[in-house]
Structure formats: structure tokens, C-alpha cells
Amino acid sequence: MNVSELIKLIDGKLLSENANLTREVKGGCGADLMSDVLASIQPEAVLLTGLCNPQVVRTAQMADVAAIILVRGKVPPKETIDLAGAEKIALISSPFGMFELCGRLYQAGLHSLEVSVSDPSCGCEE
Amino acid sequence: MSESSHFQGRIITDEQAENITRVEELAYELKVNEVMTKDLITVTPETLMQEALEIFRTNRISGAPVLKDNKLAGVVSIEDLIHCLQKNDLKSPVSKYMTCKPLTVHGPDPIIEALKLFVNFHFGRLPVVDSNFALVGIITKGDITRGILKAIQQDYQEEEVRRYRASHLFEDIESDRSSLILRYTIKQGDFMRGGAASSAIKRALLRLGATPQIARRTGIAVYEAEMNLIIHTTNGGVIRAEIEPHQISINVYDDGPGIEDIDQAMKPGYSTANETVRELGFGAGMGLVNIQRCVDSMRLESILGKGTSLKLKILLPKKELVGEGYQTNEEH
């Protein structure tokens with residue numbers, strides 16, 4: 001599934017500029033704690049989160065996240081949108097809640113790209 | 001130029017948007033005045049067709065705007081000359097054969113406006129005028145093609161050139177041991193810019209030819225350390241990243257307040273962060289644990305009241321050395 005198909009699936013609204021809409025999304029990860037995201041997410045995942053500050057984009061950039069979905073119709077501050085534009089990461093707002101979104105994406109064939117944080121091997125390696 | 005474009009955007013559906021190519025985007029992004037020819041060869045209505053023919057031949061052009069009192073009066077082209085030749089009428093003035101009231105475009109218009117006119121009316125060239133109808137340039141299909149090609153080339157080249165230059169750094173500069181040192185000063189409480197230094201380090205590594213995995217591990221480790229400086233220090237601190245072909249060494253240090261119990265701080269889930277920090281998505285007590293998972297060696301030293309120093313090393317296995325030359329050596 002690519003970013004543009006993802007947007008359609010979740011009635012999403014693309015908030016950021018410069019995003020590559022043909023980028024492939026390989027799976028998903030949902031979390032509000034950025035340290036958890038950094039510890040557990042695999043590359044090229046879509047990140048579902050209720051957090052709206054610029055750190056979400058920074059985290060996404062560090063962890064090679066393919067797209068960010070802000071759940072429950074959240075509207076982020078301008079700084080977050082601008083940073084997503086500068087880093088060319090798709091920042092999407094969806095009216096659905098976290099649970100509904102995870103369900104929709106899973107049904108559409110996206111699987112979890114979260115690894116357990118108690119796993120001793122570093123999640124960063126392919 | 002204060003004059004705004006006359007172009008009105010049209011609404012396109014998501015389905016259409018999916019299939020838009022970079023060239024099509026550029027047709028809307030590039031402006032007529034960015035690609036048009038500004039050095040103009042013009043004639044007047046009184047110029048004889050014979051003279052026009054001579055002007056076309058010596059300048060190797062196929063058309064020219066006709067100016068009367070510095071205002072655009074028409075366009076004369078090779079086709080008009082052919083009509084004139086058929087009638088053996090080269091002694092007539094340009095005004096007899098030119099196209100009067102030609103279609104025009106404005107400098108700030110996107111080039112798509114010019115393209116539409118070219119497609120619908122089969123003209124070879126369009127005069128570009130300002131709001132007072134004064135001629136400022138001329139645009140042909142060739143100008144548009146050249147403009148788009150140049151823009152595409154730039155898009156592609158900018159990052160490629162940077163990466164190419166940077167990846168040769170270690171081969172081009174000779175020494176017994178070369179390293180590149182990047183330093184960043186991090187302000188306490190500067191949440192808005194938090195992660196900017198880590199971003200810069202990650203980007204630098206990718207440009208230097210590091211693999212995405214190495215860049216990602218380093219990025220995550222430095223990012224956690226950077227957020228620690230922002231969240232926990234008294235006066236902020238410094239990040240120093242030293243990049244060598246075989247390893248990346250990162251030192252993060254601050255002048256207080258120091259960590260009381262390092263063993264405790266290293267335990268997953270242990271945190272001294274307050275509610276504000278937690279609202280930002282940090283302070284879950286996973287920072288140091290995350291750092292340790294991403295690096296090959298980590299040394300954390302702290303004196304309460306004096307400050308903390310964190311030393312990280314990421315070793316680059318031979319095939320992942322930064323710098324392109326090392327990768328080619330591998331193939332031999």
C-alpha cells in the first residue's frame with residue numbers, strides 16, 4: 001500500500017507539503033510515547049499517534065517512518081506541519097480513533113511493524 | 001514584480017492527483033518569466049518584409065514581435081513570410097502580413113497557460129506582456145522544454161551532487177587518520193527545536209555514504225541523548241559527533257545537575273521526568289535503554305552537581321564504511 005492509498009482508506013487529510021505519495025508503507029505502529037516508538041518501530045512503517053508536537057516528525061525521521069497519521073481528527077501546531085514539509089514526510093490527519101484506524105489498516109493487509117521492547121536484539125537492524 | 005498571475009487553479013480529485021508526474025507539476029510551478037527569452041529581436045509595422053526575412057536569417061529565428069511606439073502591435077512569423085513570397089510581395093511592410101492582436105501571456109503565469117495556448121491555437125511563439133501591454137519577452141515551446149529539463153535536472157542533481165562530494169571526502173583528503181567532527185550546542189527546554197542536531201547528523205552520515213541502517217541507529221541514539229539534554233540539564237549541553245571511515249564516536253556532555261544513581265537511570269522504565277515532558281511523548285524511562293540498544297559501546301559517567309558525560313561508539317563493519325572508495329575496494 002502506498003501513502004496515497006493509505007489516505008483514501010482512512011478518510012485522511014494530507015497536512016504537509018512535499019510528501020512522496022507513492023512511498024510504500026510496509027506496516028504499522030501505534031504509540032504516543034516517542035521513546036517507545038524509537039525502541040520498537042521497524043523502518044518504512046506508518047506511525048499512528050495522538051501526539052501532535054514536532055517531536056513526532058523528528059521521531060519519524062530518525063526511525064525512517066513512511067507516513068504519520070494523527071488520530072481522532074487532531075490538528076497539529078504549524079511547527080509540526082512545517083517540519084513534516086521540510087523533512088518530506090507525509091503528515092495525515094484522520095477523523096477516526098486509534099482503535100478504528102489500527103483495525104482498518106490491519107484489515108487492508110498492513111501488519112505490525114512493532115517489535116517487543118524487551119527483545120534484546122536492536123530493532124534498528126534490518 | 002508586483003503583478004500577480006491571472007491563472008486560476010482548478011480543483012483536481014485525489015485519483016487524478018495520484019497520477020501527476022513531476023513534469024506536470026513543473027508546468028504549474030515554473031513561471032513564464034523564468035523560461036522566456038528576454039533578449040528580444042523586434043521589428044516595427046513599417047519594417048519591409050524583405051528586411052524581416054534578412055533579420056530572421058541572420059539571427060536564425062522564425063518569428064518576431066512587432067512593436068509600435070514600444071507597444072505590442074502584432075507578431076510576424078516565417079509563415080507570414082511564405083505567404084508574402086507566394087505573392088512576390090517582399091517590398092510590402094510587415095503590417096500587411098503580421099498577425100494583429102496576438103494572444104499573449106503574462107510573466108507571472110505558470111507555463112501551463114502558455115502550453116494551453118500552444119496546444120489549442122498552434123502558434124509557434126507567444127509574446128509575454130506586462131499589465132500595461134508592454135512587451136517583456138517571448139516564449140516558444142522550445143523555451144518551455146528547456147526550462148522543464150533544467151528544473152528536473154536541478155531537482156535530481158542537488159542531493160546527488162551533495163552526496164557525491166561528501167562521499168569522496170575521506171578519499172580526497174589524505175592523512176594518517178582523517179575524521180570529521182560535528183558540534184552542536186543544545187539549549188535546555190528548547191523542545192521546539194529538539195532533534196534538529198540529530199537530524200543534521202543523520203543527514204550528514206547518509207551523504208557521507210553510510211548505510212541507512214547505520215544512519216538510523218546513530219540518529220535514534222543521538223536523538224534520545226539530545227532530548228535528555230533538553231529535558232534534564234540545567235544549562236543544556238553539547239553534542240560532538242566524530243565521523244571516521246571505520247567508526248562514529250559521539251560525546252554528549254553537560255554541566256549539571258548530574259545523575260544520582262546511574263544503575264537506577266539505566267533501568268528500563270525508570271524516569272525522573274515531569275508531567276510536561278511526558279505530555280511531549282518522552283520521559284518514559286526508555287531513553288538510555290534505547291541508546292544502548294543502538295550503539296556498539298556506551299559509557300555514562302556523571303557527578304552529581306557537576307555534570308554528565310555520555311560516550312557512544314558505533315563501529316562500521318568493513319562493508320559499511322563511510323566514503324564511496326571503501327565500497328569499491330570491497331568489490332576488487
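Q: In this predicted model, is B:Lys202 buried or exposed?
A: Burial is read from the relative accessible area, with under 20% as the limit for a buried residue. In this predicted model, B:Lys202 has a relative accessible area of 5%, so it counts as buried.

Q: Which side chain does B:Lys202 meet in a salt bridge?
A: Side chains of opposite charge can pair when their charged atoms come close. Here the partner of B:Lys202 is A:Asp64, with 2.6 Å from N to O. Because A:Asp64 sits in the loop between α3 (54-62) and β4 (67-70) of chain A, while B:Lys202 belongs to helix α9 (residues 196-207) of chain B, this pair joins two chains. A:Asp64 is also buried, at 16% relative accessibility.

Q: Where do the two ends of the salt bridge between B:Arg203 and A:Glu87 lie?
A: The side chains of B:Arg203 and A:Glu87 meet at 2.9 Å, N to O. The pair crosses between chains, with B:Arg203 in helix α9 of chain B and A:Glu87 in the loop between α4 (78-86) and β5 (90-93) of chain A. As for accessibility, B:Arg203 is partly exposed at 32%, whereas A:Glu87 is buried at 18%.

Q: Which parts of chain B does the salt bridge between B:Arg177 and B:Glu244 tie together?
A: The side chains of B:Arg177 and B:Glu244 form a salt bridge of 2.4 Å, N to O. B:Arg177 is in the loop between α8 (169-172) and β7 (180-186) and B:Glu244 in the loop between β8 (237-243) and β9 (247-254), both of chain B, so the pair ties together parts that are 67 residues apart in sequence. B:Arg177 counts as exposed, at 57% relative accessibility, while B:Glu244 counts as buried, at 1%.

Q: Which residues are joined into one network by salt bridges that share partners?
A: The network is made up of A:Arg58, A:Glu87 and B:Arg203. Over all chains, the count comes to 15 salt bridges.

Q: How should the second largest pocket be read, and which residues are the closest to its centre?
A: Rolling a probe the size of a water molecule over the atoms shows where empty space is left. In this model the second largest pocket has a volume of about 650 Å³. Its lining consists of 33 residues, of which B:Asn228, B:His232, B:Ile259, B:Thr272 and B:Leu288 are the closest to the centre.

Q: Which element gives the most to that lining of the second largest pocket?
A: The most comes from α10(B), with seven residues. At least two lining residues each are supplied by α10 (212-232), β9, α11 (262-265), α13 (287-294) and β11 (307-315) of chain B. Sorted by class, the lining holds 16 nonpolar, 13 polar and four charged residues.

Q: How many helices and strands are there in chain B, and how spread out is the chain?
A: Chain B has 14 helices and 11 strands. Its radius of gyration is 32 Å, well over the 20 Å that the globule rule gives for 332 residues, so chain B is more spread out than a compact globule. Along the principal axes, its C-alpha atoms fill a box of roughly 100 × 55 × 35 Å. Of its 332 residues, 45% count as buried, and among contacts between residues at least 6 apart in sequence, 63% join residues at least 24 apart.

Q: Which residues are in contact with B:Ser92, once neighbours within four places in sequence are left aside?
A: Those contacts are B:Thr47, B:Leu48, B:Met49 and B:Tyr97. B:Ser92 itself is placed in the loop between α5 (78-86) and β3 (99-100) of chain B, and with a relative accessible area of 8% it is buried.

Q: How far apart in space are B:Ile41 and B:Glu242?
A: From C-alpha to C-alpha they are 58 Å apart, with their positions 201 residues apart in sequence. B:Ile41 belongs to the loop between α3 (32-35) and α4 (49-59) of chain B and is partly exposed, at 31% relative accessible area. Not counting residues up to four places away in sequence, B:Ile41 touches B:Ile55, B:Asn59, B:Ile61, B:Ala64 and B:Pro65.

Q: What do the buried residues of α6(B) pack against?
A: In helix α6 (residues 111-121) of chain B, the residues B:Ile111, B:Ile112, B:Ala114, B:Leu117 and B:Phe118 are buried. The buried residues of this helix pack against α2 (22-29), α3, β4 (105-106), β5 (125-129), β6 (135-140) and α7 (141-167) of chain B. Just after α6(B), B:His122 takes a positive phi of about 55°.

How values were computed: Residues are numbered from 1 along each chain as its sequence is written. Chains are lettered from A and ligands numbered from 1 in the order in which they are written. This is a predicted model: local features need pLDDT of at least 70, side-chain atom pairs count only at pLDDT 80 or more; totals for chains, interfaces and linings use all residues. Side-chain values use heavy atoms; hydrogens and water are left out. A salt bridge is a side-chain nitrogen of Lys or Arg within 4 Å of a carboxyl oxygen of Asp or Glu. Helices (H or I, at least four residues) and strands (E, at least two) are DSSP runs, numbered from the N terminus. Buried means under 20% relative accessible area, exposed over 50%, partly exposed in between (1.4 Å probe, protein chains only). On a 1 Å grid over the protein atoms alone, a cavity is a set of points where a 1.4 Å probe fits but cannot get out, and a pocket is an open set with protein on both sides within 12 Å along at least five of seven lines; lining residues have an atom within 4 Å of a point. Grid points are joined across faces, edges and corners, and a volume is the space filled by probe spheres set on the points. Ala, Val, Leu, Ile, Met, Phe, Trp, Tyr, Cys and Pro count as nonpolar, Asp, Glu, Lys and Arg as charged, and the others, Gly among them, as polar. The radius of gyration is taken over C-alpha atoms; the globule rule is 2.2 Å times the number of residues to the power 0.38. Contact means heavy atoms within 4.5 Å.
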